[in-house]
Amino acid sequence: MTRIDKNPEGGSAAVTVRGLVKHYGETKALDGVDLDVRPGTVMGVLGPNGAGKTTLVRILSTLLAPDAGQATVAGYDVLRQPRQLRRVIGLTGQYASVDEKLPGWENLYLIGRLLDLSRKDARVRADELLERFSLTEAARRPAGTYSGGMRRRLDLAASMIGRPQVLFLDEPTTGLDPRTRNEVWTEVKAMVGDGVTVLLTTQYMEEAEQLASELTVVDRGKVIAGGAIDDLKAKVGGRTLRVRPVDPLQLRPLAEYLDELGITGLASTTVDTHSGTVLVPVLSDEQLTAVVGAVTARGITIGSISTELPSLDEVFLSLTGHRASAPQDAVPTDTLEEVAV
Amino acid sequence: MSAATLAPADVKPGADAPIPLRAHLRHTGALIRRNLLWIRQDPESMFDALLFPVIFTLLFVYVFGGSIGQSLGGGQQAYVQYVIPGLMAMMGMNMAQGVGTGFNQDFNSGVMDRFRSLPIGRGSVLFAKIAVELLRCLFALTVLMVVAVLVGFDITNWPGLLASVGLSIVFGSALMWVFLTLGVLMKNAQSVQAMGFLVLMPLQFGSSIFAPTNSMPGWLQSFTKYNPLSSLADSARGLMVGGEVASHLWVTLAWSVGLTVVMAPIAIHKFRTKS
């Protein structure tokens, strides 16, 4: 994990956003967003579906014009200097944006040529990046035949061709299984190690914790909290306790029982049938101990127990006093829980 | 953090850098390579260019050839000489329609976002698409001429034949801008196809492509007279088998230039601004 402490020189920010507004009809996708990302750091933008994260990334990568406000990337204005801006950024979208009909190598070679590399340099760079992202063996196969993780890695490789100063990762692991997600995280960490500035959007506290040093929490197009990730974690204070009873039939009774006792954190207890666990939000060591005590007193045998970072819901509840307000049905809860391993 | 605007020092001075012509050519070349690789990956995408000329030639020559030929005063053979230049005019149009659907699918894939986030002229993507479609068109026209000779078409004027091919290509590329615009504007490939069909059918059949217009009712004759496809078909006919050329040729070229001048900037603009 790369943590860069406060840059003493100050230096101009890699990304600056001031009062950014974007409306789609009645919907305010962005409603006056301010943001600064210091060079060489990873800024996580955390929020539920529909919070405006993708709109922000699309504006910063010049795919979309804002209705009001100002934004610069590496000092280039998104509206006035889009071509120079495009030369210094890399973009990995929510859905892998590779050409599925082209082989992996051809995908990278094409991007290299479009970035004005010579034929030779484009070839060398394509080979290099395929090697680095462990895709050499699949280089000649159409990207459409790749697995989800391979496609995401090819996408990352494509966004690295031009040695960008600023990299936008829009929900880089949404829809990936936990093992593949770890692979992508490893790659992103390596890229950060090379000194790239990253703006990462995510729905998962876990992912922000893994990759980002600073966090901006957005909801309904507004920034609702921001700061160093450790400070925010301390502010949220909570953890999620994951309890797996030996008998799966005990799952729901256990969750209901803990909710009735009212000894848990702000969000309610949830059941993850996929892994056969109950997720219990806790705010303190005392609460954690109390929950374990309650489970034992109830006579339920525990197969395993672990703690992890608070869920998005818990983060929102403690920062704002309400749940993440965007359409939660768009984020199936089982995905959320499954991904929060 | 809450300052409403950025200090001037935060933004680099100067206007945006222009893209040199050589870079435009390089980008277009790289994208042409991409579109050619698509064909290699998916050879079935050439089926229409192969089958269209074969099916239409056989259908028209053997189904309608006898009776229309009689009215031309020479039976089926006379109709072959009449309809082949017409089919040549039609081929450019049909290939052009395919551009819209193909581009619509391409546009809705994530890779377009990547192209649009790169420092390239956004027209390059469209120029590359048209270049490869024109190659497909040339292939279809070659197939057409092979079938034409097999059903007895008599090539009397080789320079005229080549000039007709050139003219179909020019007019076809002008039409491609129209269909590219549709491809960018419409939601999905099906609606582009339906729209293309609605435009194409009346233009194709309400023209001098398949039959002489003198037996048509007056109102239809006025339509066919101003239909650019009639001019294109009549130019090709004049060039390949003889007859009036110049007036039809000028009308066809005027349509080609007019469509390109109007539609190309619209297509590029829509492509640039669509999000």
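Two residues count as in contact here if their C-beta atoms, placed from the backbone, lie within 7 Å. Keep that in mind as you look around this predicted model.

**Stop 1: where the chains meet.** Colour chains A and B separately. By that cut-off, 41 residues of chain A are in contact with 31 residues of chain B. Now pick out the chain A elements that each supply at least two residues to this side, among them strand S1 (15-24), strand S2 (27-37) and helix H3 (104-114). Then select H2(A), which gives the most, with five residues. Colouring by residue type splits the chain A side into 15 nonpolar, twelve polar and 14 charged residues.

**Stop 2: a sheet in chain A.** Show strands S2, S1, S4 and S5 of chain A, which form an open, antiparallel sheet in that order. S2 and S5 are the edge strands, each pairing on one side only. Zoom in on S1(A) and S4(A): five bridges join these antiparallel strands. Here you can find Val15(A) opposite Val73(A) in S4(A).

**Stop 3: the nonpolar core.** Stay with Val15(A), then add Leu108(A) and Ala157(A): these have the most contacts inside the largest nonpolar core, which has 147 residues. Bring chain B back into view, since helix H3 (residues 75-107) of chain B gives the most to this core, with 16 residues. In chain A, domain 1 (15-23 + 34-232) and domain 2 (237-320) each contribute at least three residues to the core.

Next, centre on Ala157(A). Leaving aside residues up to four places away in sequence, Ala157(A) touches Leu108(A), Leu129(A), Leu130(A), Phe133(A) and Leu135(A).

**Last stop.** Select Leu241(A), Leu254(A), Val280(A) and Val282(A), which are included in a second, separate core of eleven residues.

Technical notes:
Residues are numbered from 1 along each chain as its sequence is written. Chains are lettered from A and ligands numbered from 1 in the order in which they are written. This is a predicted model: local features need pLDDT of at least 70, side-chain atom pairs count only at pLDDT 80 or more; totals for chains, interfaces and linings use all residues. A nonpolar core is a set of buried Ala, Val, Leu, Ile, Met, Phe, Trp, Tyr and Cys residues joined through C-beta atoms within 7 Å. A residue is buried if 20 or more other C-beta atoms lie within 10 Å of its own, exposed if 12 or fewer, and partly exposed in between; C-beta atoms are placed from the backbone. Helices (H or I, at least four residues) and strands (E, at least two) are DSSP runs, numbered from the N terminus. Domain bounds come from an automatic or database domain assignment. Ala, Val, Leu, Ile, Met, Phe, Trp, Tyr, Cys and Pro count as nonpolar, Asp, Glu, Lys and Arg as charged, and the others, Gly among them, as polar. Two strands pair if DSSP finds at least two bridges between them.
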